[in-house]
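Morning, everyone. I'll walk you through one protein today, from the overall fold down to a few single residues. Please have the picture up as I talk.

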Amino acid sequence: MKKLLFLIALISMSSCIAQKKVKERDGKHSEDKKFPTEYAFPKEYVGTYAGNLNVSDASGVLQNVPMELTIKPTEDPKKYDYILSYIVSKQKDERKYTLVVVDPEKGIYDLDENNGIVLRANYMRQTLFSTFEINNKILNSRVEFRNDGRVFFSITVTEKANARKTGDKNTSVVSYHTTVIQKAALRKVERD
């Protein structure tokens with residue numbers, strides 16, 4: 001009988017804890033802080049974001065470069081100017097892309113380099129992802145937009161040369177060597 005009463009008490013206590021966790025999820029608690037309400041992309045992220053780009057490899061930091069990301073609307077509501085600027089040797093090096101809204105419901109966008117090269121990009125959970133290959137290297141780009149005016153930018157560069165294949169004939173896996181990472185924490189700046 002004591003074991004049965006203990007089991008009933010344990011089940012009741014577990015049920016109360018589970019109900020409390022459900023109430024926390026429904027309210028303004030931890031999940032709301034981690035995953036805030038998404039803003040409309042790219043419309044609500046129009047502006048200029050500035051910070052420093054840190055370029056590193058396994059040996060450490062190779063370079064710190066001031067950078068900016070600017071998103072501006074154009075006359076076409078499905079196109080935005082998407083400009084990456086780097087200050088190298090006191091000179092501003094601009095990469096002028098056009099961000100094209102392809103299918104926002106599916107999170108599909110294009111980054112048009114305006115030179116015949118168009119990169120596919122996918123927007124999920126406030127982050128714009130793009131993966132592409134150039135000169136036997138795979139680049140993974142990630143641009144995370146925060147509602148508080150911050151943007152976290154990163155690109156990893158992976159070498160396709162010297163790929164390593166392991167596993168057996170049923171399940172083989174090819175792995176690559178990541179050589180460089182570029183990371184920046186940007187903050188929205190007000191300009192006249």
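**A walk round the barrel**

Buried residues make up 28% of the 192 residues in this protein. Keep in mind that this is a predicted model. The mean pLDDT is 86, and 79% of the residues reach 70 or more. One stretch falls short: over residues 20-29 the pLDDT is below 50. Beyond near neighbours in sequence, that stretch has four contacts in the model. Where pLDDT is low, the predicted coordinates should not be read in detail. So I'll move on.

Now the overall plan. How many helices and strands does the protein have? Two helices and 10 strands. Starting at the N terminus, the order is α-α-β-β-β-β-β-β-β-β-β-β. The 10 strands close into a barrel, in the order S1-S2-S3-S4-S5-S6-S7-S8-S9-S10, with antiparallel pairing. On average, neighbouring strands of this sheet are turned by 25 degrees against each other, direction ignored. And of the contacts between residues at least 6 apart in sequence, 35% join residues at least 24 apart.

Take the start of the barrel. Strand S1, residues 47-57, pairs with strand S2, residues 60-73, over 11 antiparallel bridges. There, Ala-50 faces Glu-68 in S2 as its opposite number. Just before this, look at the loop between helix H2 (30-34) and S1, where Pro-42 sits. The peptide bond from Phe-41 to Pro-42 is cis, with omega near -5 degrees.

Next, S7, S8 and S9. S7 and S8 are joined by eight bridges, antiparallel. S8 and S9 also run antiparallel, with nine bridges. In that second pair, Asn-140 has Thr-156 in S9 as its bridge partner.

Both pairs are hairpins. The S7 and S8 hairpin has two residues between the strands, and Asn-135 takes a positive phi near 50 degrees. Asn-136 is in the loop between S7 and S8. Its phi is positive too, about 65 degrees, although Asn-136 is not a glycine. Asn-136 counts as partly exposed, because its relative accessibility is 41%. The S8 and S9 hairpin has four residues between the strands, and Gly-149 in the turn has a positive phi of about 90 degrees.

Compare Gln-126, in the loop between strand S6 (118-124) and S7. Gln-126 has a positive phi of about 65 degrees, and is not a glycine. Is Gln-126 buried or exposed? Buried, because its relative accessible area is 6%.

Let's zoom in on Ser-141. Ser-141 lies in strand S8, residues 137-145. Why does Ser-141 count as buried? Because its relative accessibility is 14%, and the cut-off for buried is under 20%. Across the pairing, Ser-130 stands opposite Ser-141. Leaving aside neighbours within four places in sequence, Ser-141 touches Leu-128, Phe-129, Ser-130, Ser-154 and Ile-155.

Last stop, the largest pocket. Its volume is about 750 Å³. The lining has 31 residues, and those nearest the centre are Arg-95, Tyr-97, Phe-132, Leu-139 and Ile-155. Elements giving two or more residues to the lining include S1, S2, S8 and strand S10 (172-189). Which strand gives the most? S7, with six residues.

That's the tour.

Note on methods. Residues are numbered from 1 along each chain as its sequence is written. This is a predicted model: local features need pLDDT of at least 70, side-chain atom pairs count only at pLDDT 80 or more; totals for chains, interfaces and linings use all residues. Side-chain values use heavy atoms; hydrogens and water are left out. Buried means under 20% relative accessible area, exposed over 50%, partly exposed in between (1.4 Å probe, protein chains only). Contact means heavy atoms within 4.5 Å. Two strands pair if DSSP finds at least two bridges between them. Axes are lines fitted to C-alpha atoms, for helices over the stretch in contact, and angles run from 0 to 180 degrees between N-to-C directions. pLDDT is the predictor's confidence in each residue, from 0 to 100. On a 1 Å grid over the protein atoms alone, a cavity is a set of points where a 1.4 Å probe fits but cannot get out, and a pocket is an open set with protein on both sides within 12 Å along at least five of seven lines; lining residues have an atom within 4 Å of a point. Grid points are joined across faces, edges and corners, and a volume is the space filled by probe spheres set on the points.
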